[in-house]
Amino acid sequence: MKVNVDAGRCQGHTLCAMIAPDVFELDDVDGHATPVDPNVPADQERKVAEAVRSCPERAISTS
Ligand code: SF4
């Protein structure tokens with residue numbers, strides 16, 4: 001699985017980083033999320049799927 005955060009949609013709600021702190025990191029200034037690594041380890045896939053569902057801005061996508 002690969003994960004991507006649409007920077008134009010992300011509003012920095014931080015939910016994704018609370019759900020999957022090993023996958024998403026937050027910018028110190030604006031709080032926007034980016035993937036630590038776009039290639040998601042298998043043991044993190046369930047958390048990433050939950051983050052996709054939880055993001056209020058629908059900013060997270062997987063492939
Ligand atoms: S939950 Fe969505 S809007 Fe919030 S920081 Fe994560 S990607 Fe951005």
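A residue is called buried when its relative accessible area is under 20%, exposed when that value is over 50%, and partly exposed in between. Q44, with a relative accessible area of 10%, is therefore buried. The structure described here is a predicted model.

**Q44 and its surroundings**

Q44 is placed in the loop between β3 and α2. When residues up to four places away in sequence are not counted, Q44 touches A20, D22 and V23.

**The ligand and its shell**

The space that the ligand takes is the largest cavity. Around the ligand stand V5, C10, Q11, G12, H13, T14, L15, C16, A33, C55, E57 and I60. By character, this shell is made up of seven nonpolar residues, four polar ones and one charged one.

Two members of the shell, C16 and T14, may be described further. C16 belongs to helix α1. Is C16 buried or exposed? C16 has a relative accessible area of 10% and is buried, because that value falls under the 20% limit. Once neighbours within four places in sequence are left aside, the contacts of C16 are F24, A33, A51 and I60. Of these contacts, A33 and I60 also appear in the shell around the ligand. The C-alpha atom of C16 is separated by 15 Å from that of D28, a residue twelve positions apart from C16 along the chain.

T14 is found in the loop between β1 (3-5) and α1 (15-19). T14 is partly exposed, its relative accessible area being 27%.

**Backbone angles**

Most residues other than glycine have a negative phi. T14, although not a glycine, has a positive phi of about 75°. R58 is likewise not a glycine and has a positive phi of about 50°. The loop that holds R58 runs between α2 (45-54) and β4 (60-62). R58 counts as exposed at 55% relative accessibility, because this value is over 50%.

**The salt bridge**

How many salt bridges does a search of the whole structure find? The search finds one. Side chains of opposite charge can pair when their charged atoms come close. Here the partners are D6 and R9, whose side chains meet at 3.9 Å, taken from N to O. The pair qualifies as a salt bridge because the limit for such a nitrogen and oxygen is 4 Å. Both residues are partly exposed: D6 has a relative accessible area of 33%, and R9 has one of 43%.

**G31**

G31 sits in the loop between β2 (24-26) and β3 (33-35). With 16% relative accessibility, G31 counts as buried. Apart from residues up to four places away in sequence, G31 touches G12 and L26, and G12 is one of the residues surrounding the ligand. G31 and R9 lie 22 residues apart along the chain, and 13 Å separates their C-alpha atoms.

**Accessibility of selected residues**

The table gathers the values for residues discussed above.

| Residue | Relative accessible area | Class |
|---|---|---|
| Q44 | 10% | buried |
| C16 | 10% | buried |
| G31 | 16% | buried |
| T14 | 27% | partly exposed |
| D6 | 33% | partly exposed |
| R9 | 43% | partly exposed |
| R58 | 55% | exposed |

Definitions and conventions:
Residues are numbered from 1 along each chain as its sequence is written. This is a predicted model: local features need pLDDT of at least 70, side-chain atom pairs count only at pLDDT 80 or more; totals for chains, interfaces and linings use all residues. Side-chain values use heavy atoms; hydrogens and water are left out. A residue is near a molecule or strand if one of its heavy atoms lies within 4 Å of it. On a 1 Å grid over the protein atoms alone, a cavity is a set of points where a 1.4 Å probe fits but cannot get out, and a pocket is an open set with protein on both sides within 12 Å along at least five of seven lines; lining residues have an atom within 4 Å of a point. A molecule sits in a cavity or pocket if more than half of its atoms lie within 2 Å of its grid points. Ala, Val, Leu, Ile, Met, Phe, Trp, Tyr, Cys and Pro count as nonpolar, Asp, Glu, Lys and Arg as charged, and the others, Gly among them, as polar. Buried means under 20% relative accessible area, exposed over 50%, partly exposed in between (1.4 Å probe, protein chains only). Helices (H or I, at least four residues) and strands (E, at least two) are DSSP runs, numbered from the N terminus. Contact means heavy atoms within 4.5 Å.
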